[in-house]
Amino acid sequence: MPFMPVKFTLQKRVKLAQGLWMLYWFSVIVSVLIFSLGLFFKVELRKRSELMDNDESHLVPNLLILAGLLACGLNAFGGKVCHDSLDPVKFSKWKPMLRTFLLLCCGFNLLLLLAALLCFLMQFAVYLTLSEGLKNSIRFYKDTDTPGRCFMKRTLDLTQIEFRCCGNNNFRDWFEVQWISNRYLDMSNEEVKDRVLSNVEGKFLMDSVPFSCCNPGSPRPCIQHHVTNNSAHYDYDHRTEDLNIWTKGCRESLFSYYSGLMTSIGAVVIATIILESVDMAGLKYLSTALETMADPENPECESEGWLLEKSVKETLMDFLGKVKTLGKSNNVEEGEEAAG
């Protein structure tokens, strides 16, 4: 007994073929979207690669790009089959390929499922990469003359401005590193010399942040130096004052951006899996409806289409039987080789 059988007249077959043709070409557009999202995600990772110690994983965007390209080809082929399905001569050349094509579509859906799962599971890896990368970026901020780090200052400043953040966890991260290069420090100045000598590691530390931490929306001129020194500023208390520098850390801001992007891509991929499953089910109905026509020469005759030739239980038992048979044949071959 076939699983989910449906009776088809000529009119129903024509409507199904036309509807599937449109659905497959809509799927091609969705495939282009997935490819574009993969490219966009890859570019966004590359753009801030320095902030991740060049250690970011491109597995997800590469998988999306591959899936997008494969989907374009599969859906275009499916659309062509649906277009030719009502012409017996044209359909006859596609008929032998349909079983293989549907199996490829099943495998492709598994690939999409893997991509969707990775979009959610890899978010933690992005968080860890950002945490370590930003910590090192702040440490290398001053090294504008060091090969490989020349643009670190520019990248970090632009990131803090764009994402309205400051430091790794918060603005206090800048207090723990020397972010001004020695070439811009006047070592003949007593105050500078005392500050360097008073530090165990010989670093010039101060309670200041770079200009990119300033909030331009604040009515008060930016207080970026002596942030925690109340006496250095008029009518100021850093413990109660609404600071006019960004208080959110860049790790939180960047992770929020990337996790939101990955979640959105994952949702699009899941929607694509559903769309591809509908395409597969429709094509299966169409192909079986055309194969079961009582009189192929008479297009007006009725036919029956189904999703599975047998019930789900019988299909599953047949599949398991084939797997066991394959396993036994492999064991026999191995035994013969050992005996030989």
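Let us start where a charge meets a ring: Arg 195 lies over the face of Phe 204, at 5.6 Å from the ring centre. Please keep in mind as we go that this is a predicted model. A second arginine does something similar, for the charged end of Arg 149 sits over the ring of Phe 140, 3.7 Å from its centre.

From here we can turn to rings that meet other rings. Searching the whole structure gives 9 aromatic pairs. One of them joins Phe 163 and Tyr 257 in an edge-to-face arrangement, with 5.4 Å from centre to centre and 65° between the planes. Phe 163 belongs to helix α6 (residues 152-163) and Tyr 257 to helix α8 (residues 250-291), so this pair ties together parts that are 94 residues apart in sequence. Phe 163 counts as buried, at 15% relative accessibility, while Tyr 257 is partly exposed, with a relative accessible area of 28%. Another edge-to-face pair is made by Phe 171 and Phe 175, whose centres are 5.9 Å apart and whose planes meet at 75°. Phe 171 is buried at 9% relative accessibility, and Phe 175 is buried at 15%. If you look around Phe 163 and Tyr 257 once more, you will find that ring pairs link them with Phe 41 and Tyr 258 into a cluster.

Now for the covalent links. The whole structure contains 3 disulfides. Cys 165 and Cys 250 form one of them, with sulfur atoms 2.1 Å apart; the torsion about their S-S bond is about 85°, so this disulfide is right-handed. It links distant parts of the chain, since Cys 165 sits in the loop between α6 and α7 (190-197) and Cys 250 in helix α8, 85 residues apart. Both of these cysteines, Cys 165 and Cys 250, are buried.

Cys 166 and Cys 213 are bonded as well, their sulfur atoms 2.1 Å apart, and a torsion of about 85° makes this disulfide right-handed. Cys 166 and Cys 213 are both buried.

Cys 214 and Cys 222 form a disulfide with sulfur atoms 1.9 Å apart, and with -80° about the S-S bond their link is left-handed. Cys 214 is buried, at a relative accessible area of 16%, whereas Cys 222 is partly exposed at 32%. When the bonded cysteines of the chain are numbered in sequence order, the pairing reads 1-6, 2-3, 4-5.

What about Cys 106? Cys 106 is in no disulfide, and the nearest cysteine sulfur, that of Cys 105, is 7.2 Å away. Cys 106 counts as partly exposed, at 36% relative accessibility.

Note on methods:
Residues are numbered from 1 along each chain as its sequence is written. This is a predicted model: local features need pLDDT of at least 70, side-chain atom pairs count only at pLDDT 80 or more; totals for chains, interfaces and linings use all residues. Side-chain values use heavy atoms; hydrogens and water are left out. Rings of Phe, Tyr and Trp (its six-membered ring) pair if their centres lie within 6.5 Å; planes under 30 degrees apart count as stacked, over 60 as edge-to-face and the rest as tilted. Helices (H or I, at least four residues) and strands (E, at least two) are DSSP runs, numbered from the N terminus. Buried means under 20% relative accessible area, exposed over 50%, partly exposed in between (1.4 Å probe, protein chains only). A charge sits over a ring if NZ of Lys or CZ of Arg is within 6 Å of the ring centre and within 35 degrees of the ring normal. A disulfide is a pair of cysteine sulfur atoms within 2.5 Å.
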